[in-house]
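I opened this entry to get my bearings in a structure I had not looked at before. My notes follow in the order I looked things up.

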Amino acid sequence: IRGMELLQRSTEKLLRELDSDAMVKGLLEESLRLLHGDRGFLVMAAKEGGWRTAHRVGDVQEGIGLSRSILDYVARERTAVLSNNPLGDPRFGGMSLVELHRGSLLCAPMEDEGEIHGALYLDRESEGRPFSRFDLAVFQAFVRLGSMALRQAMLNRRALSQAEQQGELLRLRTGYQREADRHGELLAAMA
């Protein structure tokens, strides 16, 4: 029950964010707090293929500690993974595992409308702190809720941008109409 209470609090905190950039950071930071992770990455699928790091927390450097093999597996299989021994895990036989530490990890896809838009990746650096199946279930639920909230924030941002553009177009159209009316009045006065 304690885990569900923490999930509820983390989800509520995440949903208070309205800005999609702040939500990306909040999603990663809350998941680390919720699951007592040491490091984490939130990556987004790049249009040209591959992954782009949107936010990272902990003792991490770009491209080090984040396994492309695990990200590719999660995206290909459309499933979250838990591994308490990633170096010995047969699911991730890629070269990027060389840069991994020996701790445990969780990774889940951020999926929306059947498309993978990103992934959330957490790990614990020490071998003596494994993740449990319950941790995986909580993580999956939080990532699903976070994915939906992030999509909503992005849609809100897009709608606001479109409303601003429409307002600007209306202002320009009204100004143009005023100029045309004045021009018509001048022509009528001259006739």
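**Notes on a hairpin and its surroundings**

I began at the hairpin of β4 and β5, where two residues lie between the strands and glutamate 113 takes a positive phi near 50 degrees. I kept in mind that this is a predicted model.

Next I looked up how the two strands of the hairpin pair. β4 and strand β5 (residues 115-124) are antiparallel and share nine bridges. I picked out one residue, serine 104, and found its bridge partner in β5 to be arginine 124.

I then asked which strand besides β5 is joined to β4. Strand β3 (residues 81-83) is joined to β4 by three bridges, and the two run antiparallel. Here leucine 82 has leucine 106 of β4 as its bridge partner.

Is strand β4 buried or exposed, residue by residue? I found eight of the nine residues of β4 (residues 104-112) buried, so the strand is largely enclosed by the rest of the structure. Buried here means under 20% relative accessible area.

Last, I stepped back to the chain. I noted four helices and five strands, and their order along the sequence is α-α-β-β-α-β-β-β-α. The chain has 191 residues, of which 40% count as buried. About 11400 Å² of the chain is exposed, with 52% of that supplied by carbon and sulfur atoms.

I also looked up the contacts between residues at least 6 apart in sequence: 59% of them join residues at least 24 apart.

Methods:
Residues are numbered from 1 along each chain as its sequence is written. This is a predicted model: local features need pLDDT of at least 70, side-chain atom pairs count only at pLDDT 80 or more; totals for chains, interfaces and linings use all residues. Side-chain values use heavy atoms; hydrogens and water are left out. Buried means under 20% relative accessible area, exposed over 50%, partly exposed in between (1.4 Å probe, protein chains only). Contact means heavy atoms within 4.5 Å. Accessible areas come from the Shrake-Rupley method with a 1.4 Å probe; for residues, only the protein chains shown count as cover. Two strands pair if DSSP finds at least two bridges between them.
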